[in-house]
Structure formats: structure tokens, C-alpha cells
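Hi everyone, thanks for coming. I'd like to walk you through one structure today, so have a look at it and then we'll go through it piece by piece.

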Amino acid sequence: MAKKIQQQDNEKIYPVYVIYGKDRRRTIDVLGEIVEKVLGGADPQMALNAYDGTEANIAEVLVDLRTLPFLSERRVVVVKDADAFISEYRDELEKYLDKPSVSGVLVMTVESFPANTRLAKKARQVGQVFEYKPVRRGELVRYLIDYAARQYRLQLDNSTAAMLVELAGEDTGLLSSEIDKIAAYMGRPAEGKRVTPDIIQKLVGNNRQYNVFNVIDAMTRSDAAVAMKHLDAMMTQDREAEYSAVGAFAWHFRRLYRGRVMLEKGMRDQAITKELRIWPQPEQFMRQVRKMTIRQAASALQELMKIDLANKTGAGTVRAGLEKFIIYNTHSG
């Protein structure tokens, strides 16, 4: 979507832009593109005013929009996280859009912007409105390829992009940050450089899925101490692990379950890892598959459900539950 902004109406500047949706990373990216386009090289300190939507006052925003810019053709006024701002000043904003400033450009980012409201209809009549829903899993590979090419002109092929998704998860913010990190590692200018699987494995090692893989790998080798060490690293380094670790473990055990079923049907290792899209460490994955029965994998998934339930009801914590899970399943395997 951000690429389309650059391509369409390249010369035309609108008095209002609204960017909405729950994909914060893409919202931030397109906000930057719009501001850059509107300012056209002008000094932001002279022609840009930014407000937090939870604190913004409509009178101040309107004054800024109607104040002639200094050393610039236009002044940009950004209201971030403007849901509360819109709710409080909807009438004033509707009146403003009836006769917007000729030199001021209002840009608002919101999570929700219902199309059936009068404000939304007016915003679409006089300006542009962009929606950014979270990218679906099936679209993530194309999203990464486009992002790498657009931001850094890096070459990322389908298999390497899919490998990055497998390692880093499905959050576009995290995935984009990983591309940013890779571009920085490859050096400037990164233009035209190819991102290889080796680079992905080297730079995207310290992430949730990779740590979960290491925990389970140690468990299948009956090494509870190493498994606990990897769990501790994951819970300490990843601020979101308390909320997502159980899901990450369950995701991996579901793949082990499917892999074991395929193995017992007579499928070869390479066919299994290809079907399950196991890009990094396929040999270690198949070793885990061979050391875990279908019954053990199913039992592990049931235990993980109990850990998740205990955490949600206050009967236990994710960390304590996973520690017990590791000890029990390591010694019982």
C-alpha cells in the first residue's frame, strides 16, 4: 500500500490524510512517506507540528493549520493516535474539512475510522484515507520482498523471505525491524545486495521461535539444564514472551506432530521439511521428530493448553508452567 502512495497522485497534495488500522508499523511507514512528500525537502523544524492525540487540543491544531508556513509551501500538522481526538472534536473537524486551509495539511493516524461517519465521508471527498490491516500470513513473504526492495533495494527471494517469517514470526513490525537490521549489517549502500539464508540465520537467531526450537532440541536430547538455560534467555530477552511463549511452543509441537504423522506414513525427511517449510536446521528438526511419538506430541499440546489457562485465570505463571513442562517432558522422554 505504501508503494501505491508514491505512485498515485505523485504531484497532488491533499489537505487531509487519515491512516488507520492495527498494523502500526505500516502506519508509521506511510506517515513518514506522506510527511516527506508534503514537505518536499523543507525543514521539518519550520513546517511540521506533531501532537499526541490523547492530549491534542483542536484550537491549537487549527491555529497551526491556518498559520502560513515559513520557508515552505505547506505546513504539516500530524496528530498521532487520534482516536480520542476525533471522538472529542468530531464536529469541529467536520466544519474544518468544509473549508480546509490552502497551505496546511492535516495528517491523522487512528486505529478505527468507520467509513459510514460524516467525517470519514468528508475526509475521502477532500483528502485520502488509507487502511492498514495486519498482513495475512500468506501475504507476508511478498510484503517482506517489497519492503526490502523499497526501503533498501535489497534482493530477497521467496524462500529466504519465508525463512525469515519462520524464524521471526508473523508480526510485521518485528519482521520489518529484522530487515532494517539486515540492511545495517550489510552496510551502506545496501542497494542491489542479495540477502542469503546464511545472513538470515546469523542475524535472526535471538528471536522467539529460534529460542523455542533450541529449548525443544535440548529436551529431545534429555538435557534439561540446557533447555532451562534457553528458556531463561527467551523469557529475559523477549519482553513479549510472557504473553506469547506458550503459543510459540504449541506452534512448534504442532509441526512436530504433523512431521511424525508424515514420517509414519513413509515420507522422506526432505519431503517432510519441505511440506512443513522448515528452512533453518532441517536435520535437527527431523531428529526431534524421530525422538517424539505422536502421543507425546499430542500430550505436550494438552499440557501447553493447561499452562495457558492457568496463566489467564491467575492459577499460575507462564514461566513456572514452562519450567515444569520442560522438566517433566525431558525426563519422561
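Let me start with how I name things: helices (H or I, at least four residues) and strands (E, at least two) are DSSP runs, numbered from the N terminus. With that, you can find Thr-220 in helix 12, which covers residues 208–220. Residue numbers count from 1 along each chain as its sequence is written. Please keep in mind that this is a predicted model: local features need pLDDT of at least 70, side-chain atom pairs count only at pLDDT 80 or more, and totals for chains, interfaces and linings use all residues, while side-chain values use heavy atoms, with hydrogens and water left out.

So what is pLDDT? That's the predictor's confidence in each residue, from 0 to 100. The protein chain has a mean pLDDT of 87, with 92% of its residues at 70 or more. Residues 1–8 are another story: pLDDT stays under 50 there, and the model has 18 contacts beyond four places in sequence for that stretch. By contact I mean heavy atoms within 4.5 Å.

Now the overall picture. The protein chain has 18 helices and five strands, and its C-alpha trace spans about 75 × 50 × 35 Å along the principal axes. Of its 333 residues, 49% count as buried. Buried means under 20% relative accessible area, exposed means over 50%, and partly exposed is in between, using a 1.4 Å probe on protein chains only. Take contacts between residues at least 6 apart in sequence: 74% of those join residues at least 24 apart.

Back to Thr-220 for a second. Is Thr-220 buried or exposed? Its relative accessibility is 11%, so Thr-220 counts as buried. Leaving aside neighbours within four places in sequence, Thr-220 touches Gln-288, Lys-291 and Met-292.

Next, the sheet. The five strands make an open sheet in the order 2-3-4-1-5, with parallel pairing. Two strands pair if DSSP finds at least two bridges between them. At the edges you'll find strand 2 (48–52) and strand 5 (128–131), each with a single partner strand, so one side of each has no neighbour in the sheet. From one strand to the next, the twist averages 15 degrees. For angles like that, axes are lines fitted to C-alpha atoms, for helices over the stretch in contact, and angles run from 0 to 180 degrees between N-to-C directions.

Let's zoom in on strand 4. Five bridges join it to strand 1, and five join it to strand 3, residues 75–80. On the strand 3 side, Val-78 has Val-107 as its bridge partner. On the strand 1 side, Tyr-20 stands opposite Val-110. Tyr-20 also stands opposite Glu-131 in strand 5, and four bridges join strand 1 to strand 5.

How many residues of strand 4 are buried? Seven of the seven, so strand 4 is largely enclosed by the rest of the structure. Gly-104, Leu-106, Met-108 and Val-110 point one way, while Val-105, Val-107 and Thr-109 point the other.

Helix 2 (residues 24–39) lies across strands 1, 2, 3, 4 and 5, running at about 165 degrees to strand 1.

On to helix 6, residues 90–98, where Leu-93, Glu-94, Tyr-96 and Leu-97 are buried. Looking down the axis of helix 6, these buried residues fall within an arc of 160 degrees, so they line one face of the helix. That arc uses the directions from the helix axis to the C-beta atoms. On the other side, Lys-95 and Asp-98 are exposed. The cover over the buried residues includes strand 1 (16–20), helix 4 (58–66) and helix 7 (118–126).

Last stop: aromatic rings. Rings of Phe, Tyr and Trp (its six-membered ring) pair if their centres lie within 6.5 Å; planes under 30 degrees apart count as stacked, over 60 as edge-to-face and the rest as tilted. The structure holds seven aromatic pairs. In one of them, Tyr-143 and Tyr-147 are stacked, at 6.2 Å centre to centre and 25 degrees between the planes. These two are four residues apart in helix 8 (residues 137–152), so about one helical turn separates them. Tyr-147 also pairs with Tyr-152, this time edge-to-face, at 6.5 Å and 75 degrees. Ring pairs thus link Tyr-143, Tyr-147 and Tyr-152 into a cluster.

That's my tour, thanks for listening!
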